[in-house]
Structure formats: C-alpha cells, structure tokens
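Colleague: I should be grateful for a close look at a single part of this model, followed by an account of how the rest is arranged.

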Amino acid sequence: MNIKILFEDQDILIISKPAGVVVNRAENVKSETLQDWMAQRMIETLHTTSVQAAPDWQNLVPADFDSQYGSPEEIFKKRSGMVHRLDKDTSGVMVFAKNPGSLVSLLKEFKERRVKKEYLCLTHGKFSLSQDEISAPIERHSQDREKYTVAASGRNSVTRYQVELFYFGFDANKLAEELSSEDLKTLKRKEKSYQGFSLVKCKPLTGRTHQIRVHMSHIKHPLVGDQKYWPPPPPAPTTNKRKEKHAGK
C-alpha cells in the first residue's frame, strides 16, 4: 500500500490513512490491512538496519503497567505496533509504535483519554444548534452484530460537535431561466423538503466503536455516504391506548 508517512522517529510512526483501507486484521477481512503493512515494514527495517536504533524501550513502560493482557513484548507482537483504529471509510492521522515500550505507553495515554481527537464530517441536513454535546449510551445492535445503536443499557458515550459550514446546494430562483415551467415547479417542491448538508467538527470524549456515526444518525444528521447507519431504523411501534380501551369495552 502507498501510505504517506507524516513523521517518524525511533519510537513512533505517524501516517496519513486513506479512506477505504482496513486498519486491523480480522477473520472477515481478506484484503491487506494497515496492521499487515506495519508488520512487514518492521521486518524490512530489521533486515536493512545493522544497528538497533531504538534506545532501551523498557524505560518507556509505565510504572503501573498491568500485565493482565500479556507482557509489553506480547502485546506489541499481537498488535504489530497498532495503537488505535479508524473506520475503513475514514481518512486521517494514525499513530503506530515501533517498540513495546512506546506502544504500552501510548495505549495508557489513550485509555486515560489524554489524547484529543477531532473529526471533520459531512452530514445530511441543517442543524438547529450550531454546537452541542450528544450524551447517548451505545451498545452493539441486538439483530445486526456489525452495527451499534443508542440504548439505555449501553456504555456511556459523549460527542461534542460544532457546525463549520452549511451547504444548501441550489437556488430554484437562479435556475428559472434555464428550466421549463414544469421543471421549475418540481424543483421548487423539492427545494422545500431539501435539507442540504452540514460540515461538522466532531470531538468524541469517549471512544466507542462507530460512535460519531451512531450519534449523528441518532440525532437525524447521518454522515453522507454512510450506508450502515442511513437510513435510520424505523421507530419502535407504539400502542394506541384509546383503541385498546374501546376494544376492552
């Protein structure tokens, strides 16, 4: 894969992940992943480097390191230096660790939420509030195990957003000279229901899987092109108590 490297030193590698690339290995993933790319890159580096450039990585291991998931070496081998993930269709900056010490140190930073994340999203519709905080618990979907949903029994999930730009798309009046009267009527009807697009800056304060996509869909502003969470699921059926009361009589 042609991956652009933004920064590299003896401990970390920062890359620009393109959209359409899967980050981590999985049973249902057949294509090459970034984890595969990183593992191969480390092997090639060892073959081309005669002297170990990295310092003693033991000094980077946090004093309160918990070995319940294995030693730093075991975790590094399993993750191939992968510190965090991005969705397949999301592009953006990613950090990989180049030794066990830097990996467990960075994992601790992410776990304690000391890393600030920011995503730029194109969403459907115009927001009534230019900035707000979405606090809605998320859990895995009961019927589709590849999706997540907002549910009272889910884990605490918080996303802050701020609208940067709003795109309406077209102005029927400006197109009047170019369209027939019938086409103009049709366009004006569509103009009333057309919601436009919003460019939104999202800052997740928690790190749930698909969090931004789920939260944006939940408030009826799904991400453009997101086929998994748009259209949103239909609302749960409600009971007409008045009809039940008459039926009981």
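Is Thr 33 buried or exposed, and what is its relative accessible area?

Modeller: The model is a predicted one, and what follows should be read accordingly. Thr 33 is buried, because its relative accessible area is 1%, and the cut-off for that class is under 20%. The residue lies in the loop that runs between β2 and α1 (34–48). Apart from neighbours within four places in sequence, Thr 33 is in contact with Met 1, Val 22, Val 23, Asn 24 and Arg 25.

The strand that precedes this loop, β2, belongs to an open sheet of three strands, ordered β1-β2-β3 and paired antiparallel. β1 (4–8) and β3 occupy the edges with a single partner strand each, so one side of each has no neighbour in the sheet. From one strand to the next, the twist averages 25°. Between β2 and β3, which run antiparallel, there are six bridges; Ile 12, for instance, has Ala 97 of β3 as its bridge partner. In general terms, strands of a sheet pair through backbone hydrogen bonds, either parallel or antiparallel.

Both β2 (12–17) and β3 (92–97) also bear on helix α3, since they are among the elements that cover its buried residues, as is α2 (72–79). The buried residues of α3 include Pro 100, Gly 101, Ser 102, Leu 103, Val 104 and Leu 106. The helix itself comprises twelve residues, 100–111, and at 1.5 Å a residue it should span 16 Å; its end C-alpha atoms are 16 Å apart, so the two values agree. At the start of α3, a side-chain oxygen of Asn 99 comes to within 3.2 Å of the backbone nitrogen of Gly 101. Just after the helix, Arg 113 adopts a positive phi of about 60°.

The relation between α2 and α3 can be stated in more detail. Their axes come within 9 Å and cross at roughly 85°, and the two helices are therefore roughly perpendicular to each other. On the α2 side, the contact is made by Pro 72, Glu 73, Ile 75, Phe 76 and Arg 79, and on the α3 side by Pro 100, Leu 103, Val 104 and Leu 107. In the loop between α2 and β3 one finds Ser 80. Its phi is near 55°, a positive value in a residue other than glycine. Most residues other than glycine have a negative phi. With a relative accessibility of 4%, Ser 80 counts as buried.

A second sheet is also open and consists of four strands in the order β4-β9-β8-β5, with antiparallel pairing. Its edge strands are β4 (119–124) and β5 (131–135), each of which pairs on one side only. Neighbouring strands of this sheet are turned by 35° against each other on average, direction ignored. Helix α5 packs on the sheet and touches β4, β5, β8 (158–167) and β9; the direction of α5 makes about 65° with that of β8. β4 and β9 (residues 197–204) run antiparallel and are joined by six bridges, and Tyr 119 stands opposite Cys 202 in β9.

Beyond α5 (211–218), the loop leading to α6 (241–248) contains Leu 223. Leu 223 has a relative accessibility of 17% and so counts as buried. Outside its neighbours within four places in sequence, it is in contact with Cys 121, Leu 122, Thr 123, His 124, Ile 212, Arg 213 and Met 216. The C-alpha atoms of Leu 223 and His 124 are separated by 6.4 Å, although the two residues are 99 residues apart along the chain. Lys 220 is found in the loop between α5 and α6 as well, but at 55% relative accessibility it counts as exposed. Its phi is near 70°, a positive value in a residue other than glycine.

As to the protein as a whole, it has six helices and nine strands. Of its 249 residues, 33% count as buried; Thr 33, with which the request began, is buried too. Among contacts between residues at least 6 apart in sequence, 68% join residues at least 24 apart.

Technical notes. Residues numbered from 1 in each chain as written. Predicted model: local features only at pLDDT ≥ 70, side-chain atom pairs only at ≥ 80, totals over all residues. Heavy atoms only, no water. Buried < 20%, exposed > 50% of the residue type's maximum accessible area, 1.4 Å probe, protein only. Contact = heavy atoms within 4.5 Å. Pairing = 2+ DSSP bridges. Axes fitted to C-alpha atoms, helices over the stretch in contact; angles between N-to-C directions. Expected span 1.5 Å × (residues − 1). Polar contact = N/O pair within 3.5 Å; in protein donor to acceptor, adjacent residues only side chain to side chain. Parallel < 35°, antiparallel > 145°, perpendicular 65-115°, else oblique.
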